[in-house]
Amino acid sequence: MIPRTLFSHEHEQFRESVRKFFEQEAVPFHAQWEKDGHIDRALWNKAGEAGMLCSHIPEEYGGMSADFLYSAVVIEEQSRLGLSGVGFSLHSDIVAPYILHYGTEEQKHKYLPKLVSGELVTAIAMTEPGTGSDLQGVKTTAVLDGDEYVINGSKTFITNGFLADLVIVVAKTDAKAGAKGISLFLVEANTPGFAKGKRLEKVGMKAQDTSELFFQDVRVPKENLLGKEGMGFVYLMQELPQERLTVGLLAITSAEAALEWTKDYTRERKAFGRPVADFQNTRFKLAEMATEIQIGRVFVDRCLELHLQGKLDVPTAAMLKYWSTDLQCKVIDECVQLHGGYGYMLEYPIARAWADSRVQRIYAGTNEIMKEIISRAL
């Protein structure tokens, strides 16, 4: 197989520590967290102590000034173990960069060290009951009243929403200006008028904390505006390539794990007196999946390399997001088939991975939207 060359010895040492952390602190408890609908809040603090949160944040704000490969390691090891409930990547690789890139010095010093330590859990509130991929259509409003903005509206499908201590809220500051009327706000969970709804029951990713958020006359000081008023849509577009890269990393690693589980299962499981892996159909299916996963891994790693160089553009990130998640779902579905009836039993990791994988083609922009982005660039 084609060797990976991006990761240094230090990255691989970090990978080993991350794997041990997840095996000790998350794997034994994940089944219970799936019943609870969220992970243990204490895991965030433990991850902070282990240096697994926001490692890219500069040292002056409490981070390690590490490159994105350290984030990639956390994403991959989480995915390889099927820990779909752990929302570290959204916190570290989606929310934190908004504050780092667009926040004031006061905001950075106030919040980023607490993101690094796990003292604060974060979320970003984009999606609304009537608005998904079309961010220009958000209905939540933020109206300036003296020295405060008054926020009204609701959000849904918010990852980390139930445990979140700090939320970046996407709101309209000018309802008539379309994309140019969107702004971002930092809202702390204890702000009057801010309420969290029920934890949402999902088909998969059951341990991932996903909830509704409600804003009724929520007043935040002008200082809580993130970046400039009316620039929210631009900021969102600038940060989406990294978000879609994280989805691609999850997708390809999940497919690799599914293939490993299926190779082991088909060697052990017997049918008609011999291992399932001895049948030509099984061998050919495994060969097809291994080849496609290898192609996907090379593409993902090349995109990761481009991102490290600051060269991962929006169309390429869209290609990565759509193709890798389509592949993930295709591979895992084939693996379920090779498991037979046991592939449909939740006690087997392949069944949970099958349920967890489906949403990958929906969030971070649906795959149909990805194709629209790609087609515009052709």
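**Reading helix H6, the cores and some unusual residues**

Visitor: What do the buried residues of H6 pack against?

Guide: In this model, which is predicted, the buried residues of H6 pack against two helices, H3 (42-49) and H5 (88-102), and against the strands E1 (122-125), E4 (166-172), E5 (182-188) and E8 (225-226). The buried residues themselves are Gln107, Lys108, Tyr111, Leu112, Leu115 and Val116.

Visitor: How do you know that the length of H6 agrees with that of a helix?

Guide: Helix H6 holds 13 residues, 105-117, and at 1.5 Å a residue these should span 18 Å; because the end C-alpha atoms are 19 Å apart, the two values agree.

Visitor: Where in H6 does the kink lie?

Guide: The kink, of about 30°, is at Tyr111, shortly before the proline Pro113. After the helix comes Gly118, whose phi is positive, near 85°.

Visitor: Which residues touch the most other members of the largest nonpolar core?

Guide: That core has 51 residues, and those with the most contacts to other members are Phe22, Met52, Phe88, Leu245, Leu249 and Leu304. At least two residues come from each of H1 (9-25), H3, H4 (68-80), H7 (232-268), H8 (280-308), H9 (314-339) and H10 (349-357), and the largest share, 8 residues, is supplied by H9. Domain 1 (9-120) and domain 3 (233-377) each give this core at least three residues.

Visitor: What does Phe88 touch, leaving aside residues up to four places away in sequence?

Guide: With that restriction, Phe88 touches Phe22, Ile39, Leu43, Trp44, Ala47, Met52 and Leu53. A second, separate core of 31 residues also exists, and Leu90, Tyr102, Tyr111 and Leu236 are among its members.

Visitor: Why is Met205 called buried?

Guide: A residue counts as buried when its relative accessible area is under 20%, and Met205, at 10% relative accessibility, therefore meets that condition. Met205 lies in the loop between strand E6 (194-199) and strand E7 (210-221), and its phi is near 45°, a positive value in a residue other than glycine.

Visitor: Why is Asp217 called partly exposed?

Guide: The relative accessible area of Asp217 is 49%, and because partly exposed residues fall between the 20% and 50% limits, the name fits. Asp217 is placed in strand E7, and its phi is positive, about 50°, although Asp217 is not a glycine.

Visitor: What makes Arg376 an exposed residue?

Guide: To be called exposed, a residue needs a relative accessible area over 50%; Arg376 has 65%, so the term applies. Arg376 is found in helix H11, residues 367-377, and its C-alpha atom is separated by 8.6 Å from that of Pro315, although the two residues are 61 residues apart along the chain.

Visitor: Which residues does the UniProt annotation "domain: Acyl-CoA dehydrogenase/oxidase N-terminal" cover?

Guide: According to the unreviewed UniProt entry, this annotation covers residues 9-119. Over that span the chain is 66% helix and 0% strand, with the end C-alpha atoms 30 Å apart.

Visitor: Which residues belong to the annotation "domain: Acyl-CoA dehydrogenase/oxidase C-terminal"?

Guide: The unreviewed UniProt entry gives residues 230-378 for this annotation. That span is 75% helix and 3% strand, and its end C-alpha atoms lie 29 Å apart.

Key:
Residues are numbered from 1 along each chain as its sequence is written. This is a predicted model: local features need pLDDT of at least 70, side-chain atom pairs count only at pLDDT 80 or more; totals for chains, interfaces and linings use all residues. Side-chain values use heavy atoms; hydrogens and water are left out. UniProt positions are given in the numbering used here, feature names are shortened, and annotations may be inferred rather than shown by experiment. Helices (H or I, at least four residues) and strands (E, at least two) are DSSP runs, numbered from the N terminus. The expected span of a helix is 1.5 Å times one less than its number of residues. The bend at a residue is the angle between axes fitted to the seven residues ending there and the seven starting there. Buried means under 20% relative accessible area, exposed over 50%, partly exposed in between (1.4 Å probe, protein chains only). Contact means heavy atoms within 4.5 Å. A nonpolar core is a set of buried Ala, Val, Leu, Ile, Met, Phe, Trp, Tyr and Cys residues joined through side-chain atoms within 4.5 Å. Domain bounds come from an automatic or database domain assignment.
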